[in-house]
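The account below is a guided reading of one protein chain. It is best followed with the coordinates open in a viewer.

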Amino acid sequence: MLPPSISLRPVLGIEVLEVDHPCGEIHLTVMNVNQGGAADHAGLRVNDIITRWDHTPITRKADFAAAVRGSNVGAEVVIVAVVVIQVVRRPQHHTGPMTTAVEYFKMTIRGS
């Protein structure tokens, strides 16, 4: 048990990056998921695109970081993300059309 003077920093166990999409939008993309972390247990994966933190739209890394920092350790949060569920490969192209879905990931904020 930690002494009362030590507070834990809220964490989800993911790294995100703002990625410029060809359509001109910026997508907050999951770049790393720490094994065993809250996001890993909830099912978030690399390349998922985070769109909401509970009911709040999220497009910027700074907004996401502020949402995490503003959360209490032990609180539950729902992250909404667009996930790629299928990529059709074509011989003449590196990738083809993608099938995506919107998924909801419920997780408990952990502390470090």
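The paragraphs that follow go from the overall fold to the core, a helix, a pocket and several individual residues.

The model is a predicted one. Its chain contains two helices and eight strands, and these succeed one another along the sequence in the order β-β-β-α-β-β-α-β-β-β. Of the 112 residues in the chain, 29% are buried. Among contacts with a sequence separation of 6 or more, 54% join residues 24 or more positions apart.

The largest nonpolar core comprises 22 residues, and those with the most contacts inside it are Leu 12, Ile 14, Leu 44, Trp 53, Phe 64 and Met 107. Two or more residues each are supplied to this core by strand 2, strand 3 (26-33), helix 1 (38-42), strand 4 (49-53), helix 2, strand 6 (76-87) and strand 7 (98-108). Strand 6 provides the largest share, four residues. Leu 44 illustrates how such a core residue is surrounded: beyond residues up to four places away in sequence, Leu 44 touches Ile 14, Val 30, Val 33, Ala 39, Ile 79, Ala 81, Phe 105 and Met 107.

Helix 2 merits separate inspection. Its buried residues are Phe 64, Ala 67 and Val 68. Viewed down the axis of helix 2, these buried residues fall within an arc of 100°, so they line one face of the helix. The face turned away from the buried side of helix 2 bears the exposed residues Ala 62 and Arg 69.

Helix 2 also leads to the second largest pocket. The volume of this pocket is about 280 Å³. Its lining consists of 13 residues, with Arg 9, Ile 14, Phe 64, Ala 65 and Val 68 lying nearest the centre. Strand 1 (10-11), strand 2 (14-20) and helix 2 (61-69) are the elements that give two or more residues to the lining, and helix 2 gives the most, with five. By class, the lining has eight nonpolar, one polar and four charged residues. Ile 14 and Phe 64 thus appear in two settings: both are among the residues with the most contacts inside the largest nonpolar core, and both are among the residues nearest the centre of this pocket.

Two residues in the strands may be set side by side. Thr 29 is located in strand 3 and is buried, because its relative accessible area of 9% is under 20%. Apart from residues up to four places away in sequence, Thr 29 touches Glu 15, Val 16, Leu 17, Val 19, Asn 47, Asp 48 and Ile 49. Asp 20, by contrast, belongs to strand 2 and counts as exposed at 62% relative accessibility. Leaving aside neighbours within four places in sequence, Asp 20 is in contact with Glu 25 and Ile 26.

The backbone calls for a final look. Most residues other than glycine have a negative phi. Asn 47, although not a glycine, has a positive phi of about 85°. Asn 47 lies in the loop between helix 1 and strand 4, and is one of the residues that Thr 29 touches. Asp 54, likewise not a glycine, has a positive phi of about 55°. Asp 54 is placed in the loop between strand 4 and strand 5 (56-57), and with 33% relative accessibility it counts as partly exposed.

Key. Residues are numbered from 1 along each chain as its sequence is written. This is a predicted model: local features need pLDDT of at least 70, side-chain atom pairs count only at pLDDT 80 or more; totals for chains, interfaces and linings use all residues. Side-chain values use heavy atoms; hydrogens and water are left out. On a 1 Å grid over the protein atoms alone, a cavity is a set of points where a 1.4 Å probe fits but cannot get out, and a pocket is an open set with protein on both sides within 12 Å along at least five of seven lines; lining residues have an atom within 4 Å of a point. Grid points are joined across faces, edges and corners, and a volume is the space filled by probe spheres set on the points. Ala, Val, Leu, Ile, Met, Phe, Trp, Tyr, Cys and Pro count as nonpolar, Asp, Glu, Lys and Arg as charged, and the others, Gly among them, as polar. A nonpolar core is a set of buried Ala, Val, Leu, Ile, Met, Phe, Trp, Tyr and Cys residues joined through side-chain atoms within 4.5 Å. Buried means under 20% relative accessible area, exposed over 50%, partly exposed in between (1.4 Å probe, protein chains only). Contact means heavy atoms within 4.5 Å. The arc is that of the directions from the helix axis to the C-beta atoms.
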